[in-house]
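Here is a short briefing on one protein chain. Please look over the sequence and the model before reading the points below.

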Amino acid sequence: MRTQSPPPFEEFLAEHGTAVMRFLIVAVGPEHADDAYQETFLSALRGYARVRDDSRLDRWILRIASRTAIDHHRRRLRGPTPSGEVPDYPVHDPEPPDAGLWAAVGTLPAKQRVAVVLRHVLDRPYDEIGDVLGCSNDAARANVSAGLKTLRETMR
């Protein structure tokens, strides 16, 4: 297996930034996606000097983004509950999910939510989802399947 050193960080950011933002918009919501995006790429920048193989940079950054999304949801569960109206922020995705579907996705457990978003928003194969989640292909399939089953039941 031939390894190549990664491109300059600016090129890496330009190549993968859009996919990461689309993932985060769905994974944490449009109102928190910008902060999660910054956290993701700051984490990536800290570890970028240690990257020796550029063949799986897309999986590497999506793994960081998925962990950032999971951490975000954990912090929200421990934090105060917001009140009042949420300010309207522009959506970066041209086709945001409808409100009912978005609410249902938001109720999924963190790993299922990440797996469903990677599979059905970013159209990633199960082996990449497994890499991002740090689990086997079978576990990735199970997370997607369980998430879709819950969504189907919720959306009835």
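Glu128 and Arg124 join their side chains in a salt bridge, with N and O 2.8 Å apart. The model is a predicted one. Both partners are classed as buried: Glu128 has a relative accessible area of 12%, and Arg124 has 15%. The pair belongs to a network of salt bridges that also takes in Arg56, Asp58, Arg59, Asp127 and Asp131.

**Salt bridges of Arg59**

- Arg59 forms a salt bridge with Asp127, and their closest N and O atoms are 3.2 Å apart.
- Arg59 lies in helix α3 (residues 57–78) and Asp127 in helix α6 (residues 126–133), so this salt bridge ties together parts that are 68 residues apart in sequence.
- Arg59 also meets Asp131 in a salt bridge, with an N to O distance of 2.6 Å.
- That second pair again links distant parts of the chain, with Arg59 in α3 and Asp131 in α6, 72 residues apart.
- Is Arg59 buried or exposed? Arg59 has a relative accessible area of 14%, and the cut-off for buried is under 20%, so Arg59 counts as buried.
- Asp127 is partly exposed, at 31% relative accessible area.
- Asp131 is partly exposed too, at 26%.

**The network and the total**

- Which residues are linked in the network of salt bridges? They are Arg56, Asp58, Arg59, Arg124, Asp127, Glu128 and Asp131.
- The salt bridges in the model come to nine.

**The loop before α6**

- Asp123 sits in the loop between α5 (110–120) and α6.
- The phi angle of Asp123 is near 55 degrees, a positive value in a residue other than glycine.
- Is Asp123 buried or exposed? Asp123 has a relative accessible area of 58%; exposed means over 50%, so Asp123 falls in the exposed class.

**Packing of α5 and α6**

- At what angle do α5 and α6 pack? The angle is about 145 degrees, and the helix axes are 10 Å apart.
- The crossing of α5 past α6 is right-handed.
- On the α5 side, the contact is made by Lys111, Val114, Ala115, Leu118 and Arg119.
- On the α6 side, Tyr126, Ile129, Val132 and Leu133 meet them.
- By type, the residues of this contact divide into seven nonpolar, two charged and no polar.

**The chain as a whole**

- How many helices does the chain have? There are seven helices, and the number of strands is zero.
- Read from the N terminus, the elements run α-α-α-α-α-α-α.
- The chain has 156 residues, and buried residues make up 37% of them.
- Take the contacts between residues at least 6 apart in sequence: 73% of these join residues at least 24 apart.
- The chain exposes about 9,500 Å², and carbon and sulfur atoms supply 50% of that area.

**To recap**

- Arg59 in α3 makes salt bridges with Asp127 and with Asp131.
- Asp127 and Asp131 are both in α6.
- α6 also packs against α5 in a right-handed crossing.

Notes:
Residues are numbered from 1 along each chain as its sequence is written. This is a predicted model: local features need pLDDT of at least 70, side-chain atom pairs count only at pLDDT 80 or more; totals for chains, interfaces and linings use all residues. Side-chain values use heavy atoms; hydrogens and water are left out. A salt bridge is a side-chain nitrogen of Lys or Arg within 4 Å of a carboxyl oxygen of Asp or Glu. Helices (H or I, at least four residues) and strands (E, at least two) are DSSP runs, numbered from the N terminus. Buried means under 20% relative accessible area, exposed over 50%, partly exposed in between (1.4 Å probe, protein chains only). Axes are lines fitted to C-alpha atoms, for helices over the stretch in contact, and angles run from 0 to 180 degrees between N-to-C directions. A crossing is left-handed if the near helix is turned anticlockwise from the far one by less than a right angle, and right-handed if clockwise. Contact means heavy atoms within 4.5 Å. Ala, Val, Leu, Ile, Met, Phe, Trp, Tyr, Cys and Pro count as nonpolar, Asp, Glu, Lys and Arg as charged, and the others, Gly among them, as polar. Accessible areas come from the Shrake-Rupley method with a 1.4 Å probe; for residues, only the protein chains shown count as cover.
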